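Please look over the sequence and the structure shown here before reading on. The report that follows takes up pairs of charged side chains and then turns to the chain as a whole.

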Amino acid sequence: MKCNHCKKELEDGLKFCPYCGRPPKAPKTIPIPKTRVYYDPRKSEPENPEPKMPEPQANPEPLQPQEQQYRVSWHDEGAEELIDEAEEYEIKKENKRFFIIEGVLLTLAVIFAAAIIFISFFHKDNYTYYTMEGNSMLDTIADGDKAASVKLEGTLKTGDIVVIPYGGDVSIRRVIATGGQTLWLDYENDRIVIDGAELSEEYIIGSTFSGVRENYEVPYNIPDGKVFVLGDNRGESIDSRHEEVGLIDEKNIIAKVDHIDKQ
């Protein structure tokens with residue numbers, strides 16, 4: 001075998017020439033034939049094609065005659081009258097809307113006023129008036145003031161003013177503690193503690209107790225259905241600090257004071 005590059009004699013089977021380092025036999029190259037384009041003379045266009053005649057067009061439809069529109073100008077006869085009528089119509093329309101709104105508001109005001117008057121008279125008929133005697137509720141209720149009271153409904157709470165029976169008559173006192181609450185009359189520090197919190201009393205005259213102590217042992221836990229009451233004028237009030245009054249049964253409470261009519 002001979003190397004095609006360096007022309008040296010080589011042994012058969014060698015892939016590379018030991019002299020030139022290239023393959024002994026170069027790969028054969030296959031020439032790529034040139035591409036030829038053939039034209040079909042039957043499909044080719046002639047050099048001078050005959051001009052094509054345009055297709056006949058359909059006859060256009062005749063235009064429909066339109067009505068002539070006129071625009072009213074300031075100088076046309078009657079234009080000013082039409083404009084005045086349009087303005088007058090708009091004014092009447094706006095006035096009508098205003099009168100409707102005014103009528104609705106007036107009707108609502110009349111209904112509201114009638115409801116207030118009706119409720120006032122109806123509620124007044126349900127009031128029971130108790131005349132205060134004595135100074136035990138000063139300055140909230142003075143001697144001779146009328147306490148407008150209503151039937152007790154619902155549960156009582158601290159601060160409510162109630163009408164209670166006392167000595168064959170009635171008396172007015174303030175609720176301090178109700179059933180289920182804890183009550184501590186702290187005489188040393190001149191304060192009342194309800195459920196562990198000091199009670200703020202801006203309505204009382206003088207100090208919290210004004211030197212008047214209880215003459216019996218007031219329970220720390222107020223029983224259910226009972227209330228502890230005091231007068232706002234603690235120095236002159238006979239109330240739950242005294243054994244002859246004690247805790248008041250809620251069933252014996254006559255009414256709850258709604259408001260006070262001063263004399």
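## A pair with an exposed partner

In this predicted model, arginine 191 forms a salt bridge with glutamate 198, and the closest N and O atoms of the two residues lie 3.8 Å apart. Because a salt bridge is counted when a side-chain nitrogen of Lys or Arg is within 4 Å of a carboxyl oxygen of Asp or Glu, the pair of arginine 191 and glutamate 198, at 3.8 Å, qualifies.

The two partners fall into separate accessibility classes: arginine 191 has a relative accessibility of 25% and counts as partly exposed, while glutamate 198, at 53%, counts as exposed. Side chains of opposite charge can pair when their charged atoms come close.

## Pairs with buried residues

Are the partners in the salt bridge between aspartate 239 and arginine 241 buried or exposed? Aspartate 239 has a relative accessibility of 0% and counts as buried, and arginine 241, also at 0%, counts as buried as well. Their side chains meet in a salt bridge with an N to O distance of 2.9 Å.

Another salt bridge joins aspartate 145 and lysine 262, whose closest N and O atoms are 3.3 Å apart. This pair links distant parts of the chain, since aspartate 145 sits in the loop between β1 (128–131) and β2 (146–150), whereas lysine 262 belongs to the segment after β10 (255–261), 117 residues apart. Aspartate 145 is itself buried, with a relative accessible area of 2%.

## The wider set of salt bridges

The structure holds nine salt bridges. Besides the pairs described above, a network of salt bridges links Lys157, Asp160 and Lys256.

## The chain as a whole

What does the secondary structure of the chain come to? The chain has one helix and ten strands, and, read along the sequence, the pattern is α-β-β-β-β-β-β-β-β-β-β, with the helix placed ahead of the strands.

Of the 263 residues in the chain, 25% are buried, a group that includes aspartate 145, aspartate 239 and arginine 241. The accessible surface of the chain comes to about 20,900 Å², and carbon and sulfur atoms contribute 54% of that area. Among the contacts in the chain with a separation of 6 or more, residues 24 or more positions apart account for 53%; the salt bridge between aspartate 145 and lysine 262, described earlier, likewise links distant parts of the chain.

Methods:
Residues are numbered from 1 along each chain as its sequence is written. This is a predicted model: local features need pLDDT of at least 70, side-chain atom pairs count only at pLDDT 80 or more; totals for chains, interfaces and linings use all residues. Side-chain values use heavy atoms; hydrogens and water are left out. Helices (H or I, at least four residues) and strands (E, at least two) are DSSP runs, numbered from the N terminus. Buried means under 20% relative accessible area, exposed over 50%, partly exposed in between (1.4 Å probe, protein chains only). Contact means heavy atoms within 4.5 Å. Accessible areas come from the Shrake-Rupley method with a 1.4 Å probe; for residues, only the protein chains shown count as cover.
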